[in-house]
Amino acid sequence: MFQILRDVAARVTATGPHWEPQIFEVVGRSCTTQVNSPSKMFSRSATRMARSVQLQSRSFSAAAKREPVELPAKLFGLGARYANALFTSAVRAKALPNVESDLKALAQIQKESPVFAEYLKNPIIPFEEKAADMDKVSAGMCDTTRGFLNVVAQNNRLGELNKILRSFQLLLNAQRGIVEATVTSSEDLSAKQLKSIEQAISSGYLSDGQSLNLTVKVAPAILGGLQIQVGDKFLDLSVASSINNIQKVLV
């Protein structure tokens, strides 16, 4: 269904050092831009495509401005603002499952193709061209997703797409009663230790009907102990943090 995404990811190329012309080929169209002199010229076809997506963008924006939808979680930051608007529009359009599927496909493509991810972040390519490219990439997606991507592209925020996708997933998890937690240790934890941590978090933070989605990370730099993140709450029980606190007292 989203084979076009893989085609784009496979065909986007960047060559030469950062001071040389960078060439990007997207869906059969090449554009060459100088880092020290960004081109403001783009093809008539790209212009027409950029105009053709305006209706979708307006539709998405209008949906987000209707009567408020109660969000399942309070998130803050640039990515959260876009995610909140997308979630609201998807709820009104009854398109949450479709939007979730679309965004998972985008996230997977960025994970599999660093070149495609760099293309989205590249500040040299005019946002008008990116908007036209995203219109092609999103051809198989639902209208809500397409309108959202066009708004993000027109606002020159495609470089923030991963943050937006992450915030949107947090909203979905909150709606489903899934609590995200991350435990960081200096070395691998045993199954018994993990079970104890899960039980402690569940009894201390989870309400009836909620479930825990625990992510475990290993970071030798914390030297020992644990760092625990549950939602917007952070508990630092690491040895590195204790040493840092001691140093502050002694200075």
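The dialogue below discusses how terms are applied to a predicted model of one protein chain.

Trainee: How many helices and strands does the chain have?

Mentor: The chain has eleven helices and six strands. Of its 251 residues, 40% count as buried. Among contacts between residues at least 6 apart in sequence, 64% join residues at least 24 apart.

Trainee: Why is helix H4 called roughly antiparallel to helix H8?

Mentor: Helix H4 (residues 78-92) and helix H8 (residues 143-154) pack at an angle of about 155 degrees. Angles over 145 degrees count as roughly antiparallel, and therefore H4 is roughly antiparallel to H8. Their axes are 10 Å apart, and H4 passes H8 in a right-handed crossing.

Trainee: Which residues of H4 and H8 meet?

Mentor: From H4 come Tyr-82, Leu-86, Ser-89 and Ala-90, and these meet Thr-144, Phe-148, Val-151 and Val-152 in H8. By class, the residues of this contact are six nonpolar, two polar and no charged.

Trainee: What makes helix H6 oblique to helix H7?

Mentor: Helix H6 (residues 114-121) packs with helix H7 (residues 127-137) at an angle of about 135 degrees, and their axes are 10 Å apart. Roughly antiparallel requires an angle over 145 degrees, and roughly perpendicular covers 65 to 115. The value of about 135 degrees belongs to neither range, so H6 is oblique to H7.

Trainee: Which residues make the contact of H6 with H7?

Mentor: Tyr-119, Leu-120 and Lys-121 of H6 take part, together with Glu-129, Lys-130, Asp-133 and Met-134 of H7. This contact has three nonpolar, no polar and four charged residues.

Trainee: I should now like to turn to the sheet. What is the order of its strands?

Mentor: The open sheet has four strands in the order S4-S3-S5-S6, with mixed pairing.

Trainee: What makes S4 and S6 edge strands?

Mentor: S4 and strand S6 (233-238) each have a single partner strand, so one side of each is left without a neighbour in the sheet. From one strand to the next, the twist averages 15 degrees.

Trainee: How do you know that the pairing is mixed?

Mentor: One may consider the two partners of S3. Strand S3 (residues 178-185) is joined to strand S4 (residues 211-218) by eight bridges, and these two strands run parallel. Five bridges join S3 to strand S5 (residues 225-230), and that pair runs antiparallel. As examples, Thr-182 has Thr-215 in S4 as its bridge partner, while Ala-181 stands opposite Val-230 in S5.

Trainee: What packs on the sheet?

Mentor: Helix H10 packs on the sheet and touches S3, S4, S5 and S6. The direction of H10 makes about 135 degrees with that of S4.

Trainee: Why is S3 described as mostly covered?

Mentor: Six of the eight residues of S3 are buried.

Trainee: Where is Ser-186 placed, and why is Ser-186 called buried?

Mentor: Ser-186 lies in the loop between S3 and helix H10 (191-205). Buried means under 20% relative accessible area. The value for Ser-186 is 19%, and therefore Ser-186 is buried.

Trainee: Which residues is Ser-186 in contact with, leaving aside its neighbours within four places in sequence?

Mentor: With those neighbours set aside, Ser-186 is in contact with Val-218, Ala-219, Pro-220, Ile-222, Leu-223, Gly-224 and Gly-225.

Key: Residues numbered from 1 in each chain as written. Predicted model: local features only at pLDDT ≥ 70, side-chain atom pairs only at ≥ 80, totals over all residues. Heavy atoms only, no water. Axes fitted to C-alpha atoms, helices over the stretch in contact; angles between N-to-C directions. Parallel < 35°, antiparallel > 145°, perpendicular 65-115°, else oblique. Left-handed = near helix turned anticlockwise from the far one by under 90°. Contact = heavy atoms within 4.5 Å. Nonpolar A, V, L, I, M, F, W, Y, C, P; charged D, E, K, R; others polar. Buried < 20%, exposed > 50% of the residue type's maximum accessible area, 1.4 Å probe, protein only. Pairing = 2+ DSSP bridges.
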